[in-house]
Each structure stands twice: as structure tokens, then as C-alpha cells.
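Hi everyone, thanks for making room for me today. I'd like to walk you through one structure, step by step, so please have a look at it with me.

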Amino acid sequence: MSVQSAAADVDVDLKQLFASLARNWLRIVLVTLVATGLAFALAWLATPYYKATAKLEIGSRESEYTRPPGTTDDDKPILDEQGVATQVQIISSPDILKQVAAKLNLDKLPEFDETLKMSALGRVLVLVGLKSDPFDIPPEERVLNAMHDKLNVYAVEKTRAIAIEFASKDPKLAADIANGIANAYIASKSDAKLESNAAATDFLAPEIADLQNRVKDAEAKVAAFRAQSDLLMGGNNAVLPTQQLSELSSELSRVRASRAAAEASAESVRRALQNGGSLDSVPEVLSSELIQRLRERQVELRANIADLSTTLLDNHPRIRALKSQLADLDGQIRNEAQKIIRGLSAQAQTAKAREDQLVADVNTLKAASARAGEQQVQLDALQRDANVQRQQLESYMASYNAAASRKDRKYSPVAASLIAQAQVPSQPYFPKIGPITGAAAAASLLLMVIGTLLGELFSGRAMRPAPGARFESIEQVAMPVARTESAIAEAHDGGRAFAPYEEAAPGYSIADAEFPRPAESEPVEVHAAAAESAKSVVGLSELGESAPEPRQSRLGEIDVDKAAEKLIASGAARAIFVSPEGDEAAASAVLVAREVSDAGLRVLLLDLTASGAASRPMLDSSLFPGITNLLASEAQFSDVIHPDLYSDAHVIPVGTADPVRAMRAADRLPIIMQSLTTAYDLVVVECGPADAQGISRLVGDGTEVFLSMLEADDHVTQAAVKLIENGYPGVTLVTPVGHEPGDPLPGRRSAA
């Protein structure tokens, strides 16, 4: 069974857990009362301390009438969280505290100077070196340290307010110190403002005088350069050559456009005349009044010819006369078009001449404008320098006037004000007898309850299997009574290292507490069938069916050394030993546990026999608490685990508790087994003559089942067959006969 599965199978018995509080109520109440009484006495005898609080507001307090012109409250930065925290550090600075201490003569009060009235306990602590000698510290530093310990300055959350708290044995002194610190802070801010104004005026006065001289020099340079360069300013704040160049450029563009238009018109009329096309589409022809009158006469003649053609033939003299007039009009129109072409050509030539003149003038002005531009750049630089110096002078003069007026009138608005003076407290803030006593009572009661519950949990008494766990229906382990007859011949007693067992104590045993016992007798047919089945499992082929007495040969068993090697090699966590022959065969479990322990593993042997046959040889006594005490909740794990006297193994004996009472908690055996396998590398369990049902609660992950034997008789064979048939096919037979133990460990006494 893994640790995770075991944790899932374990549940807390709340009834058993909280019942421990009822069993230990007297101890809980007594401890609570003692702690409450001590807290009450300490609170009653403690020196009362009083706390006074003063509050400051950090913000602008200047009137709009005294504010410098052109500035508002919005121009001043608002203190953020870091700014307020900075003011907190300034308030608690040594300079502020020194002023308050000197004003209130705190160095003469024993509360602030321990050397004035040092207690006997303090002197003893200084002598033994547990406390530094206050005489080694300067008096001023002693007072400041005491003030720092009693002072608390903090920013009120989500505001720009600062609280100043001071605690003292004297309530009036606490209020005076808190108010004194607030007033000293405001006074220091005011003095700082005055010093800043004085420093500003001292700096600005020579700067203003120097700036005035530099402004005069700069403006004189501007005037001299303007006169020297003959830079005349035209419209739009531009020099005259540049302005003329701009105007000529515009005129040149206009002339070029006119010339291009005249040339284009003349060319269009010329093409119309050369191609014999109509001149009606030429704009220049249409705009001529003479051509328009000729066109009107031409239209009139054509109309007359059309009218006469209805009555006269084409060769009629009149029609011929009209046509002759019409042809003459066409010639006149062409002559007028030629005149228009000559006029447009003349206009183009005139524009070309004007253009040439303008180009020459523009080239001349370009050179002049370039020179004027260079001079203008130099002039602008001089002008900018003069303007900058004048602006700086005006700014310095305005600041100087404002600072000088504040300095002369000693006006310094401080960005802080006292919004709440500290009042003399009437009640001490420490000690609060009621809360301290109540808290001590609640804390002591809670600690005692938690300690009691944890002790119950760690002891395992408050644990029970969870519903639906794997071992919910596990039965009790059958722990047999010691056998009364000897199972090993006396010839072998002298050679065994296992100490002879004592007689089982008479009276009630664990095996009598509702545990199923192995059957004492069975029909002959069952024994015969079991014997036949065992032949193929444990190597009993050499047994003859007609043998009249038990066989003395080995039945394929292994010795103690082989069993120990098997457990070590397989990494088993549990080894369950069943001894059908009784207490004498329990020696196998003890010897195997010792062998594995000698190999360096952590081994524990759990004795579940009624007589303690497995644990008595390891402890030389049967009076130690054991598994029955653990089940009966009379002991814890640390009480029932004992060291073997002859090896490094540990052992849990049967115990001294009432077996009947112990077996009422037999369902805790799987939990106990899981806890033991977690703490040890191997847990060896000696179950005595138990059957498969009896050991089912003890098996888990990594379990090896062994059957201890001394002689190869039918009783052993039947026990092996039953284990195999009931789900334990890997059962191994082991015998202690012939085992020679090594030397006892150094420092341990030999077995008797």
C-alpha cells in the first residue's frame, strides 16, 4: 500500500479528537487562567503612556493678491506621494527635534535621558554586557534617540495631510512636543523661504546690471549694421531688392505669357489662310469689327443670290454681279486676316523685347538680393541676440521686484499649515488592560486547544479508516497461544542461537478476543487432498504415501540467510511470518529481522503472538508496552518501539494492555502498518499460527509471506496449502534449524 493510498484510506475520528478536549479540560483551564492572570498583572503594573496627535496640511496657502503677476496655483506643482513622504522625513529630521528638545528642556527629564535616573536592573544589564552603557552616548544623541522611539510621523492615506504622534508618560508633555514639532517644521519652511528670497535678490541684482549693459551693446550693433549695409525694408517686412525681384519676376511671367499667346494666335490664323480653311473659328478674326461687317455683307449677298435664283438663271447679269461682289468680299476678309497676322506678329516681337529687358533686370536684382539676403541673415542674428537678452532682462527684473518686495516685507507664504493642534489626552493608549487580558486569555485557550488536538492527532488515537477504504472489512489478526508441547528435539536446543521461550502466562490472551483461530482438526480426506496438492508446490515428491510417520527431510525450505537475502534483493517493505507449529517456530522471524538489520537496513519486528514468543528473546522481558497498549490508546509509537538487545533492529512487543480492549480497535492495524512501513525499510510481523484470512489485514504493497517450520509434518503442509489456495501463491518456507548467528554487537550482552 503506497503512502498516497494510505492517506486516502485514513480519516479523522472527530468524536475521538474532540473528546480529548473533555479529558484534558482541567489542564486547559488552568493554563488559560494562569496566562490570563499574568497578562492582567503585567498590564496593571505597566507604566501608562499617553499619545497626542497634531496634523499638518501640505499645500499652497498664498493669496491671489500677493501672487506674482502671470502665475496661478495651477502653475505650482502638486506634491505627489513621494513629495509628501519627503516632508515626513523632514519633520522627523534631527534638526527639527533638536529645536523642540532645546525649547522644552527635554535633556533635564529622566524620560529622555536615562542617565538622570537609571534603574538598578539597567545598571546590572550594563555590567553584564547585555546593554550598552548610556554614558558612552552624548547627551544630545540620548535625547534624540528617546524622541525618535516615541515619535511617529506618517502621511494620512489618500490625502496630503501629515499626522505627528508623540507618546509620553506625561500627557501634557506629549501634546506640547507634538505641537512643537509641527510649529518648528512650519517655522523652518518659512525661514527657508526667506533665505531663498534673499539668495534670489542677491543673485539677480548683479545679473540685471550686467544684462542691461549687454542689451545696450546688442541693440547698438543692430543699428550700426543696418546703416552700414543700407538694408532698406519694403513691404511685408522684406528688404527692397528682394521685393523688387519678386515684382519683376511676376511681370516677366506675364510678358512671357502674352508673347506666347500672340505667337500662337498668329500661327493659327496663318495656318487657316494657308490651308484655305474657314476663319470663323479663329478668335482674333471674329473679334475684328471690319471682318464682322464684311461677314454681314457677305451673308446679305448670299441671301439676295438665293432669292433671285428662284426666278433668274445663273448667267443672268444681276446674279453674276452679286456673285462678283461676293468674291470681292472674300478677298477683303483675307486681306484683313493678313493684317491681323501682321499685328499679332508685331505684338509678339514687342513682348519678346520686353521679356529680354525684364530678364536682364531680374538677373541684376538676383545678385543684389543675394547680397541683401546675406546681410539680412547677419542682421537677424544680431537682432535675435538683442531680443533674447532683452527678454531675459525683463524676466530677471520681474523676478527681482517680486523677491525684493517679499524680502523687504518678510512675507513668505509656506506650503504647509497646522490644521489640528494636539490636545492633552485624557486616557492612556497603553496599556489597555481589558484588551490585553482578553487577548491573552483567548490566545492561551486557543494554543492549549490546538496543542491538545495536535497531540491527539499525532498519537494516532484520533485516526480511523475512511468509508470505502480497502481495509474497511479487515478482520482481526489471529495471534495464537504458545504451544505446550516442544516442537524441536532437545538435540537441537544446544545448537540454536535463539533463546528458549518461557511458558506463556496463564489467563486471557489476545487470541481469545474474537479472533478466528486455525482449525485444530479436519477430516482425513481434507488432509490427504492437501498433502497431494502440496507435493507440486513445495517439492514434496520424495514423500511416500505409505509413510507411517512424519518425514524428517527438508521440504524445499530455505534457511534464515536465504530468507534475508530474498527480502533485501526484492526490496520488500513487509515480511509476514506464519508459524503453524507455534511459538518455537517464531524464531525464524527474529533471526531474519536480525540478519536484515545487520545488512544495514532499518528493520522493525511486530510481535502479534499471544505469548510474546517473538519479542521476549529480543527484550529479555514481557513487561514492556507494545501493540496492545497502542491499540488501546494507552501509549504512542515512541512508547511501544524498543531496541533489540542483540542487534540494531527495533521491536514492538505484545504489550501489557487488556487484549479484549485492544482488539476493539483492531481496525487500526492497517493504519499502524502503513505508518511503520513509512518509517522503516522493512517491517517483519510474526503472526503465530494464523491463517490466510487472519493475515489479510497486514499485507500491502511489497509484501512477502513466509511460513516458519521446524519439522516437515502434515500440519505444516496443510498450512502451506491453505495459504496458497487463499491467494498467497508466493509463500516461502523458512526454517531456523541449523542457523549459526554471528557475534553479538559490541557493547551488547549475549542472549541467555
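Let me start with one term: two strands count as paired if DSSP finds at least two bridges between them. With that in hand, here is an example: Ile-576 has Val-685 in strand 11 as its bridge partner. The two strands involved, strand 7 (residues 574–578) and strand 11, pair in the parallel sense over 4 bridges. Please keep in mind that what you see is a predicted model.

Now let's step back to the whole chain. How many helices and strands does the secondary structure of the chain come to? There are 23 helices and 13 strands. Of the 752 residues, 39% count as buried. The accessible surface comes to about 41,200 Å², and carbon and sulfur atoms account for 54% of that. If you take the contacts between residues at least 6 apart in sequence, 81% of them join residues at least 24 apart.

Back to the sheet we began with. Strands 7 and 11 belong to an open sheet of 7 strands, in the order 9-10-8-11-7-12-13, with mixed pairing. At its edges are strand 9 (642–643) and strand 13 (732–734), and each of these pairs on one side only. Helix 21 lies across strand 7, strand 8, strand 10 (650–652) and strand 11, and runs at about 140 degrees to strand 11.

Do you remember Val-685? Val-685 turns up again in the largest nonpolar core, which has 37 residues. Val-685 is among those with the most contacts inside that core, together with Leu-606, Ile-627, Ile-695 and Leu-707. Let's take Ile-627 as our example: leaving aside its neighbours within four places in sequence, its contacts include Leu-606, Ile-652, Val-654, Leu-669 and Ile-672. There is also a second, separate core of 35 residues, and Leu-144, Phe-166, Leu-173 and Ala-184 are among its members. As background, in soluble globular proteins nonpolar side chains tend to be buried together.

On to another sheet. This one is an open sheet of 4 strands, in the order 3-4-2-5, with antiparallel pairing. Why is one side of strand 3 (151–155) and of strand 5 (416–420) left without a neighbour in the sheet? Both stand at the edges, each with a single partner strand, so there is no neighbour on the other side. On average, neighbouring strands here are turned by 25 degrees against each other, direction ignored.

Strand 2 is a nice one to look at. Strand 2 joins strand 4 through 8 bridges, the two running antiparallel, and pairs with strand 5, also in the antiparallel sense, over 4 bridges. Lys-55 shows both links: its bridge partner in strand 4 is Ala-163, and in strand 5 Lys-55 stands opposite Ala-420. Leu-56, for its part, has Leu-418 in strand 5 as its bridge partner.

Which side chains of strand 2 point to one face and are buried, and which point to the other and are not? Tyr-50, Ala-52, Ala-54, Leu-56 and Ile-58 are the buried set, while Lys-51, Thr-53, Lys-55 and Glu-57 point the other way and are not buried. That fits a general pattern: in a regular strand the side chains alternate between the two faces of the sheet. Helix 8 packs on this sheet, touching strand 2, strand 3, strand 4 and strand 5, and its direction makes about 20 degrees with that of strand 2.

My last topic is charge. Side chains of opposite charge can pair when their charged atoms come close. The count here comes to 13 salt bridges. In one of them, Lys-51 meets Glu-165, with the closest N and O atoms 3.6 Å apart. Lys-51 lies in strand 2 (residues 50–58) and Glu-165 in strand 4 (residues 161–168), so this pair ties together parts that are 114 residues apart in sequence. Lys-51 has 33% relative accessibility and therefore counts as partly exposed, whereas Glu-165, at 13%, counts as buried.

Another salt bridge joins Lys-172 and Asp-176, at 3.0 Å from N to O. Both residues lie in helix 8 (residues 171–229), 4 residues apart, which is about one turn of the helix.

Then there is Arg-602 with Asp-681, at 3.1 Å. Each sits in a loop, and the pair ties together parts that are 79 residues apart in sequence. Arg-602 is partly exposed at 47% relative accessibility, and Asp-681 is partly exposed at 30%.

That's my tour, and thank you for listening!

Notes
Residues numbered from 1 in each chain as written. Predicted model: local features only at pLDDT ≥ 70, side-chain atom pairs only at ≥ 80, totals over all residues. Heavy atoms only, no water. Salt bridge = Lys/Arg side-chain N within 4 Å of Asp/Glu carboxyl O. Buried < 20%, exposed > 50% of the residue type's maximum accessible area, 1.4 Å probe, protein only. Core = buried A, V, L, I, M, F, W, Y, C linked by side-chain atoms within 4.5 Å. Contact = heavy atoms within 4.5 Å. Areas by Shrake-Rupley, 256 points an atom, 1.4 Å probe, with all protein chains shown as cover. Axes fitted to C-alpha atoms, helices over the stretch in contact; angles between N-to-C directions.
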